[in-house]
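Me: Please examine the following model with me, one question at a time.

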Amino acid sequence: MEAGTKMQSPEKETRPELSTMSVQSVPTFPLRSTDEKAIPLIGFGTAEYPFGASRDTLKETIIEAIKLGYRHFDTAAVYQSEQPLGEAISDALRLGLIKSRDELFITSKLWCSDAHRDLVLPALHKTLKNLKLEYVDLYLIHWPLSLKPGKHDFPFKKEDMVPMDIKSVWEAMEECHDIGLTKSIGVSNFSCKKLETLLSSARIPPAVNQVEMSPMWQQKKLRKFCEEKGIVVEAYSPLGAKGAEIAQAKGKSVAQVCLRWACEQGVCVIAKSFNKERMKQNLDIFDWRLSDDELLKISQLPQCKGYPALEFVSDDGPFKSLQELWDGEI
């Protein structure tokens, strides 16, 4: 692998070295230890709400994404996209679009109704069966709370929300890693405080925290915390509404500016578009840079979280307010 360029934030913080995968032009980002596969900086998101809405066409869309150069695919038990992704991987191998499964980086997530110590391993086995794979590269706890076992619905009944026993659930995640069913483990939608709680008892620290992040929700405090702890931040919903002026000056789309900005913060991004031309554009962000002035303008944008996750708040649940869910980071 060839070494790429170090990306820096507006504060000129040094970021980990990027390397470019030979099969395509997407740089990779090292995870915590040398035995873990490096994570491609751009991932292809397979979530579309309502979940399962594009199920009939998703396999062909993913095959097209592989043809374009995507190698990192993000799914989850609740998305109803694991099976089409698995079928697409099988077809890509059969068609010779990839030589081996090892060329891909596959992420899936543990849904809240399976976030109980004795249900984690069976849930991952089901995910692997859906994907027709022997292992995933990254397995994440989807949200920092549990639901009563048995259903994979979203939205869910608020009375089904229960506190997560994070220590025991994480121990089960560590076991999944130990037996080789996932190369890395991590979390999603965890605040600094919730990460601190997890880290206090974790034998294997989380490699990744996947959270909402965009120019409109920059997550500066969380990014600093994760950098100090060696946790890679992965951004979902990375496209902010601002940036038209910069995009016009660069001859790029607003989406490309948003994705490039995130990468220059040392963050992996999950880009989701099922439109072929936009899928192609979203990969075209590595041969140009944002200027210091442009980065400064973006850093000064007013902040507003796009998805507060009110569904996870209830007077009778583990989190009685958004402040409790996000620990004031909203």
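Me: In which order do the eight strands close into a barrel?

Reply: The model is predicted. Its eight strands pair in parallel, and neighbouring strands of the sheet are turned by 30 degrees against each other on average, direction ignored. The barrel closes in the order S5-S6-S7-S8-S11-S12-S13-S14.

Me: Which residue in S6 does Phe44 stand opposite?

Reply: Strand S5 (residues 42-45) and strand S6 (residues 72-74) run parallel and are joined by two bridges. In S6, the residue opposite Phe44 is Phe73.

Me: What distance separates the end C-alpha atoms of helix H3, and what span should its 12 residues have?

Reply: Helix H3 comprises residues 120-131. At 1.5 Å a residue, its 12 residues should span 16 Å, which agrees with the end-to-end C-alpha distance of 17 Å.

Me: How wide an arc do the buried residues of H3 cover around the axis?

Reply: Val120, Ala123, Leu124, Thr127, Leu128 and Leu131 are buried in H3. An α-helix has 3.6 residues a turn, so residues three or four places apart point the same way. The buried residues lie on the same side of H3, because they cover an arc of only 140 degrees.

Me: Which exposed residues does the opposite face of H3 carry?

Reply: The buried residues of H3 pack against helix H2 (82-95), S7, S8, H4 and S11. The face turned away from this buried side carries the exposed residues Lys126 and Lys129.

Me: At what angle does helix H4 run to S11?

Reply: Helix H4 (residues 166-178) lies across strand S7 (105-110), strand S8 (136-141) and strand S11 (182-188). Relative to S11, H4 runs at about 155 degrees.

Key: Residues are numbered from 1 along each chain as its sequence is written. This is a predicted model: local features need pLDDT of at least 70, side-chain atom pairs count only at pLDDT 80 or more; totals for chains, interfaces and linings use all residues. Side-chain values use heavy atoms; hydrogens and water are left out. Two strands pair if DSSP finds at least two bridges between them. Helices (H or I, at least four residues) and strands (E, at least two) are DSSP runs, numbered from the N terminus. Axes are lines fitted to C-alpha atoms, for helices over the stretch in contact, and angles run from 0 to 180 degrees between N-to-C directions. Contact means heavy atoms within 4.5 Å. The expected span of a helix is 1.5 Å times one less than its number of residues. Buried means under 20% relative accessible area, exposed over 50%, partly exposed in between (1.4 Å probe, protein chains only). The arc is that of the directions from the helix axis to the C-beta atoms.
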